[in-house]
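Me: Got a minute to go through this one with me? I'd like to start with a helix and then get to the charged pairs.

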Number of protein chains: 2
Amino acid sequence: MSYQYIISVDLGGTNLRVGAVREDGLLEEKEKHPSAAKSGCDVVLNNVLQAIQDVAKKIEMKHGVIRGVALGFPGIVDPQKGIVYKSPHFPDWADLDIFSYFKTALPWPIVVDNDAHMAARGEAWKGAGRGLRNFVMLTFGTGLGGGVIADGKIFHGDRGFAGELGHVCIESQGPLCACGSHGCLEMYVSTHGIRRLVETMDDAEARLKLLDSFSGNPERVTPKGLHELALDGDISANVIFKRMGYYLGIGMASLVNTLGIETFILGGGISEAWDFFVEAAKKELRERTYQETANHIEIKKAVLGDDAGLVGGGACFHPQEKE
Amino acid sequence: MSYQYIISVDLGGTNLRVGAVREDGLLEEKEKHPSAAKSGCDVVLNNVLQAIQDVAKKIEMKHGVIRGVALGFPGIVDPQKGIVYKSPHFPDWADLDIFSYFKTALPWPIVVDNDAHMAARGEAWKGAGRGLRNFVMLTFGTGLGGGVIADGKIFHGDRGFAGELGHVCIESQGPLCACGSHGCLEMYVSTHGIRRLVETMDDAEARLKLLDSFSGNPERVTPKGLHELALDGDISANVIFKRMGYYLGIGMASLVNTLGIETFILGGGISEAWDFFVEAAKKELRERTYQETANHIEIKKAVLGDDAGLVGGGACFHPQEKE
């Protein structure tokens, strides 16, 4: 018997992941390459194309049938037009017509969307969101990505830009964000955010001591490193995660009040440090939402890890997910 | 020829409005009574019932056919169950089963929803939102109400509590809001909000001078009074509206980033002072959203005024609006 497959791409600032998603959600032929963000647009797109063709060859060798290609790209992506307007990790990209580029080169139907939307689709189909009609997914990375699942589908808004949840404002006069606003949630809740929280610690002595573990360089602070310190009982690392949880709860409360959705799924690197931030987030959520809502809020850990985006690409062609 | 009608109720903290909405959206037999918020739950509900029966009698006398009753109530309303959990203007209300109360007393189908949702439906059907697939409506009153229209319908979220847009957080450490959070948009953008903005003016002399126009009592500050001052060239009244516009723009930017919806409709009392705040709101919106979105944002004035909620009740039974 021959299976049907979707070739799925998850491009990030660091890694390019490609895989083949079987119609039942099984992920096969998973590959990881450097995304070569600094090599410029032509090289990156050519690398993606090569990687797709490699995986396609493997699928065809085992007599699989390829039904489509799903491209999850970071940045401001218009899923209807298949255009990436801009992408913070790929500074030379501007109004890139991804759809046409791949449509010309490949014989299969193409779907393009934001990487965080793909991850939300993945968790909805085969992860922590299975069976949920509505949920909000937050993906912790260098920045903070988001996706809103409403009635089982990604909520797009007018042109697919819904779910930029890292750019909900928390402090109107807070630090300047790359998006042009100040005090965005992403400035507190993301790898970038925790670096800022470390740099702005009031207690200078504690700050220097904490930075010592990262060669004194805030840019070397990683969620993983900080998590290890917290596990070892480091009080400052603990304080940082609690502070992050505090801001996360405030942002989530705004989302609850806007979207009326009471289930959150948290994914991405920092979510590993769950035990160190989630109670602080829950506390703010309880205090900052109406009791009638607060009692129903549930926060779940994503289960697909780095595979969420690839699996979600498969979901784009899954019958339940046609939009 | 006999027309079909919906009896529509819009209950506010001050006024109870009732009317009959013809199938083509024409509002007839409009009545306004005091809402008697302080008389307790039994009196208020009985008044609403009486007013419905009065209007129904008038419709039946001209041989109209009543197809249903739409109840727009303020507060935390579960539209599926028809329960008002709580309502800030009616402090003795708790988990009130509005649906059963009216279902028992009246022979027609009953729909219950939040008053701001009804207003958004009204503007969608016969007002500034006609023909728009998606928009966000903000209704300025004592507080700040909201409604999200997505794909032509009210976006409900899990249990109908979506669109509490007055409770998007702007300042995590801002003034305490009745909802339990701090620095909610409603604390800056609403009648309550402008009173606070007046009370917290840095320039004490200007503050006292401005308050003089309201008998020295911040609680007497009204959007209308402040608007009149601004029209007369009062600099402080101007400053207050600009400040309100600044916060409004910040809140709207968070909504754009969350919902990806680029059209706003502003209704309710303060929206009359449009010329004094809207540029400040647009400026923040431009600065605080991605250019790709900012270029598409449109802010429109609601056109149905106080009738929006009543007309929206009619839309609940309109074929396009069945949910």
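Reply: Sure, one term up front: buried means under 20% relative accessible area, exposed over 50%, and partly exposed in between (1.4 Å probe, protein chains only). Also, this is a predicted model, where local features need pLDDT of at least 70, side-chain atom pairs count only at pLDDT 80 or more, and totals for chains, interfaces and linings use all residues. Residues are numbered from 1 along each chain as its sequence is written, chains are lettered from A and ligands numbered from 1 in the order in which they are written, and side-chain values use heavy atoms, with hydrogens and water left out.

Me: OK, α7(B): how many of its 25 residues are buried?

Reply: 20 of the 25, so α7(B) is mostly covered. Helices here are DSSP runs of H or I with at least four residues, strands are E runs of at least two, and both are numbered from the N terminus.

Me: What sits at the start of α7(B)?

Reply: A side-chain oxygen of Asp234(B) comes to within 3.0 Å of the backbone nitrogen of Ser236(B). After the helix comes Gly260(B), with a positive phi near 60°.

Me: Switching topic, what rotation puts chain B on chain A?

Reply: 180°, with 0.0 Å of shift along the axis and an RMSD of 0.0 Å. The two copies are thus related as by a two-fold rotation axis. The superposition is by least squares on C-alpha atoms of residues with pLDDT of at least 70 in both copies.

Me: Which residue of chain B comes closest to the axis?

Reply: Glu171(B), with its C-alpha at 2.4 Å.

Me: Now salt bridges. How many over all chains?

Reply: 30, counting a side-chain nitrogen of Lys or Arg within 4 Å of a carboxyl oxygen of Asp or Glu. One of them joins Lys58(A) and Glu31(A), with the closest N and O atoms 2.8 Å apart. Lys58(A) is in helix α1 and Glu31(A) in strand β3 of chain A, so the pair ties together parts 27 residues apart in sequence.

Me: Are those two buried or partly exposed?

Reply: Lys58(A) is partly exposed at 36% relative accessibility, while Glu31(A) is buried at 12%.

Me: And where do Glu284(A) and Arg288(A) lie?

Reply: Both are in helix α8 of chain A, four residues apart, about one turn. Their side chains form a salt bridge at 2.7 Å, N to O. Glu284(A) is buried at 6%, and Arg288(A) is buried at 4%.

Notes. Polar contact = N/O pair within 3.5 Å; in protein donor to acceptor, adjacent residues only side chain to side chain.
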